[in-house]
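Me: Please take a close look at a single part of this model, and place that part in the setting of the whole chain. I would like the criteria behind each term spelled out.

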Amino acid sequence: MVATPALPTFTDAQVATIKGDWNNIKGQGVEILYHFLNKFPGNYPMFKQFGGKDLNAAKGTPEFSAQATAIINLLNGVMDKLGSDNAGAQAILANLGKTHKAKGITKEQFQQFREATTELLGNLGLGGNLGAWNALFDFVLNVVFTALDS
Ligand code: HEM
């Protein structure tokens with residue numbers, strides 16, 4: 001069982017770092033989704049729109065791109081509110097937990113998304129900002145796990 005992280009408080013500098021990095025990586029949704037599914041292929045069959053295909057072939061399809069866009073759009077909403085309306089950001093994430101609980105998605109799977117995306121951030125040269133990003137992932141998983149438990 002993956003432990004629920006404590007809800008962090010962000011410094012202004014951490015919020016600025018996360019938002020600045022996000023502007024540079026929000027166009028990389030396909031790479032984020034691909035990295036997650038390539039590193040943890042056990043998650044792949046759940047994606048019924050493309051999950052039966054070879055992952056490298058699926059990566060170029062409109063269905064894969066649509067799933068990546070859905071993830072990025074949801075996180076855009078969180079990023080917009082981070083720092084100025086954390087309660088609003090939490091409400092978006094609580095709903096993410098609720099919709100994913102209904103799909104049967106577990107804490108372990110969200111933890112794998114965290115691990116894969118943290119690794120990708122390092123690959124993209126953002127490893128120096130992982131302190132801020134760890135706080136962001138603690139925030140996301142605190143709220144999502146609370147929803148999964150409810
Ligand atoms: C922060 C992480 C994540 C975000 C922002 C996110 C976002 C979304 C959004 C916006 C949708 C479409 C709306 C919905 O059906 O709820 C969706 C669908 C889905 N997500 Fe996630 N998700 C995340 C993590 C995960 C993880 C870890 C899994 C594990 C496999 C997962 C599996 C799915 C599946 C299977 C669907 C349905 C796809 C379909 O329409 O066939 N998600 N996700």
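Reply: What follows is a close look at helix α6, with its surroundings.

This is a predicted model, in which local features need pLDDT of at least 70 and side-chain atom pairs count only at pLDDT 80 or more, while totals for chains, interfaces and linings use all residues. Residues are numbered from 1 along each chain as its sequence is written.

To begin with the setting, the chain has seven helices and zero strands, where helices (H or I, at least four residues) and strands (E, at least two) are DSSP runs, numbered from the N terminus. The UniProt annotation "domain: Globin", from an unreviewed entry, covers residues 9-149; UniProt positions are given in the numbering used here, feature names are shortened, and annotations may be inferred rather than shown by experiment. Over residues 9-149 the chain is 73% helix and 0% strand, with the end C-alpha atoms 22 Å apart. The C-alpha trace of the chain spans about 45 × 35 × 25 Å along its principal axes.

Helix α6 covers residues 107-123. It has 17 residues and reaches 24 Å from its first C-alpha to its last, close to the 24 Å expected at 1.5 Å a residue, the expected span being 1.5 Å times one less than the number of residues. After α6 comes Gly-125, whose phi is positive, near 90 degrees.

Within α6, Phe-110, Phe-113, Arg-114 and Ala-116 are buried; a residue is buried if 20 or more other C-beta atoms lie within 10 Å of its own, exposed if 12 or fewer, and partly exposed in between, with C-beta atoms placed from the backbone. An α-helix has 3.6 residues a turn, so residues three or four places apart point the same way. The buried residues of α6 pack against α2 (29-39) and α7 (130-149), where two residues are in contact if their C-beta atoms, placed from the backbone, lie within 7 Å.

On the α2 side, His-35 lies in that helix and touches Ala-116 and Leu-120, not counting residues up to four places away in sequence. His-35 is partly exposed, because 18 other C-beta atoms lie within 10 Å.

On the α7 side, the partner helix has 20 residues and reaches 27 Å from its first C-alpha to its last, close to the 28 Å expected at 1.5 Å a residue. Its buried residues include Trp-133, Leu-136, Phe-139 and Val-140, and the buried residues of α7 pack against α1 (12-25) and α5 as well as α6.

Helix α6 also takes part in the surroundings of the ligand, since α4 (62-81), α5 (86-102) and α6 each supply at least two residues of the shell, although α4 gives the most, with four residues. Of the 18 residues around the ligand, Phe-113 is among those that come nearest, together with Asn-43, Met-46, Ala-70 and Thr-99; a residue counts as near if its C-beta atom, placed from the backbone, lies within 6 Å of the molecule. Phe-113 is thus both one of the buried residues of α6 and one of the nearest residues to the ligand. By class, the shell has eleven nonpolar, five polar and two charged residues, where Ala, Val, Leu, Ile, Met, Phe, Trp, Tyr, Cys and Pro count as nonpolar, Asp, Glu, Lys and Arg as charged, and the others, Gly among them, as polar.
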